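I opened the model to look up its sheet, its helix packing and its cores. My entries follow.

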Amino acid sequence: AAVAVAPLHVGTGQSLKVLEAMACGAVVVTTPAVANALGPAAHDAVEVADGGAAFAAAIIRLLRDPARRGELSAAARGLVEQGHDWRVAA
């Protein structure tokens, strides 16, 4: 997937589905709640949107901008590699 969409507002504890997408190199569009739950560095590794129109605009913008997707993908993968271990999270 080029873009993973996670419009989660509750249950944002470990956000394993988001971390898995990031580990796979997918760019994630998610809510401020999820980004905050992932920590301050996540704001440089995911696209944050709030509300349907903002999500749609972010998805379209990312699909049209492969360079930005590449930047976010690399940052997301690095964040997961540096700060998350599946054995601990599970």
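In which sense do S1 and S2 pair, and over how many bridges? I find them paired in the parallel sense over four bridges. Strands pair here if DSSP finds at least two bridges between them. Helices (H or I, at least four residues) and strands (E, at least two) are DSSP runs, numbered from the N terminus.

The model is predicted: local features need pLDDT of at least 70, side-chain atom pairs count only at pLDDT 80 or more, and totals for chains, interfaces and linings use all residues. Residues are numbered from 1 along each chain as its sequence is written, and side-chain values use heavy atoms, without hydrogens or water.

Sheet. I read an open sheet of three strands, order S1-S2-S3, with parallel pairing. S1 and S3 are the edges; each has a single partner strand, so one side of each lacks a neighbour in the sheet. I looked up Ala-4: its bridge partner in S2 is Val-28.

Helix H4 (66–83). I checked its length: 18 residues at 1.5 Å a residue should span 26 Å, and the end C-alpha atoms are 25 Å apart, which agrees. The expected span is 1.5 Å times one less than the number of residues. Its buried residues (under 20% relative accessible area, 1.4 Å probe, protein chains only) include Arg-69, Leu-72 and Val-80. The buried residues of H4 pack against S1, H1, S2, S3 and H3, where contact means heavy atoms within 4.5 Å.

Core. The largest nonpolar core (buried Ala, Val, Leu, Ile, Met, Phe, Trp, Tyr and Cys joined through side-chain atoms within 4.5 Å) has 18 residues. Val-18, Met-22, Val-28 and Leu-38 touch the most other members. H1 gives the largest share, five residues.

Methods
Buried means under 20% relative accessible area, exposed over 50%, partly exposed in between (1.4 Å probe, protein chains only).
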